[in-house]
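Please examine the sequence and the three-dimensional model shown below. The paragraphs that follow lead through selected features in turn.

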Amino acid sequence: MYQRARGRVSGCGRAYNEEAPRRREEGARVSEARPRIAVYPGSFDPVTYGHLDLIERCAPLVDRLIVAVLRNAGKQPLFTTEERVEMLRQSAAHLSNVEVDSFDGLLVEYARRRGACLLLRGIRAISDYEYELQMALMNRRLAPEIETMFMMAGEAFSFLSSRLVKEVIALGGDVSGLVPPQVEAKLRERLPPRSSRHK
Ligand code: PNS
């Protein structure tokens with residue numbers, strides 16, 4: 001695998017194309033020998049049913065799915081890493097090949113350490129595409145042996161984001177059916193509706 005990676009980084013596109021059949025054969029042999037491990041990275045601040053839908057659909061396709069919470073997004077997350085990990089663990093407890101972990105630093109370095117060959121990302125709308133494409137291409141440049149796999153968000157969740165859920169909760173709106181009940185409870189605790197905060 002790593003030899004393939006080196007060849008691709010130093011070689012030109014043409015050489016890569018000519019090598020494609022051999023790579024596919026190598027890939028097939030590797031997949032027989034190695035467990036297929038995918039990493040699903042994200043901020044998960046907090047996990048929504050959109051994330052869980054993706055996790056449930058990807059888990060049967062791989063031997064192990066590692067949901068990896070970014071430790072310091074440079075943003076100011078509402079929940080600590082430990083809280084985000086715990087909410088994910090509770091929400092995905094019914095899936096035996098799903099593990100929840102956290103990471104910092106480069107995603108591809110984490111994926112390499114965990115022996116992953118796949119990165120999973122969800123796409124909701126065309127507006128997600130540009131950012132996801134940039135990340136996937138940069139990750140491929142950094143680690144050509146790791147593939148990014150995109151899955152379309154379930155149509156029922158294509159409008160859903162952690163940011164919007166937090167906004168709706170903070171304004172006293174209803175988010176049932178968008179996040180698991182235990183996540184909703186944590187959100188209500190952390191973000192009481194603005195009207196009651198001013199009392
Ligand atoms: O849920 P998010 O916030 O869209 O997830 C973004 C995430 C965690 C996938 C991305 O920020 C990331 O991979 N960060 C790790 C740092 C890294 O590897 N940066 C280079 C990626 S091209």
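In a left-handed or a right-handed crossing, how does α8 pass α9? The model in which this is examined is a predicted one. In that model, α8 passes α9 in a right-handed crossing. The axes of α8 and helix α9, the latter formed by residues 181-190, come within 10 Å and cross at roughly 55 degrees. An angle over 35 but under 65 degrees is neither roughly parallel nor roughly perpendicular, and α8 is therefore oblique to α9. From α8, the residues Val 165, Lys 166 and Ile 169 take part, and they meet Glu 184, Leu 187 and Arg 188 of α9. By class, this contact of α8 with α9 comprises three nonpolar and three charged residues, with no polar ones.

Helix α9 also packs against helix α5, which spans residues 81-91. Here the axes are 10 Å apart and the angle is about 155 degrees. Angles over 145 degrees count as roughly antiparallel, so α5 is placed in that class relative to α9. On the α5 side the contact is made by Glu 83, Met 87, Gln 90 and Ser 91, and on the α9 side by Gln 182, Val 183, Lys 186 and Arg 190. The residues of this contact of α5 with α9 divide into two nonpolar, three polar and three charged.

Attention may now turn to the largest pocket, whose volume is about 1300 Å³. Its lining consists of 47 residues, and those closest to the centre of the pocket are Gly 42, Ser 43, Lys 75, Arg 121 and Tyr 131. Several elements give two or more residues to this lining: the strands β1 (37-42), β4 (118-123) and β5 (147-152), together with the helices α4 (49-58), α6 (107-113), α7 (126-142) and α8 (162-170). Helix α8, described above for its contact with α9, is thus also one of the elements that line the largest pocket. Which element gives the most to the lining of the largest pocket? That element is α7, with nine residues. Sorted by class, the lining contains 24 nonpolar, 14 polar and nine charged residues.

The loop between β1 and α4 contains two residues whose backbone deserves inspection, Phe 44 and Pro 46. Most residues other than glycine have a negative phi, and most peptide bonds are trans. Phe 44, however, has a positive phi, near 45 degrees. In addition, the peptide bond that joins Asp 45 and Pro 46 is cis, with omega about 0 degrees.

Key:
Residues are numbered from 1 along each chain as its sequence is written. This is a predicted model: local features need pLDDT of at least 70, side-chain atom pairs count only at pLDDT 80 or more; totals for chains, interfaces and linings use all residues. Side-chain values use heavy atoms; hydrogens and water are left out. On a 1 Å grid over the protein atoms alone, a cavity is a set of points where a 1.4 Å probe fits but cannot get out, and a pocket is an open set with protein on both sides within 12 Å along at least five of seven lines; lining residues have an atom within 4 Å of a point. Grid points are joined across faces, edges and corners, and a volume is the space filled by probe spheres set on the points. Helices (H or I, at least four residues) and strands (E, at least two) are DSSP runs, numbered from the N terminus. Ala, Val, Leu, Ile, Met, Phe, Trp, Tyr, Cys and Pro count as nonpolar, Asp, Glu, Lys and Arg as charged, and the others, Gly among them, as polar. Axes are lines fitted to C-alpha atoms, for helices over the stretch in contact, and angles run from 0 to 180 degrees between N-to-C directions. Angles under 35 degrees count as roughly parallel, over 145 as roughly antiparallel, 65 to 115 as roughly perpendicular and the rest as oblique. A crossing is left-handed if the near helix is turned anticlockwise from the far one by less than a right angle, and right-handed if clockwise. Contact means heavy atoms within 4.5 Å.
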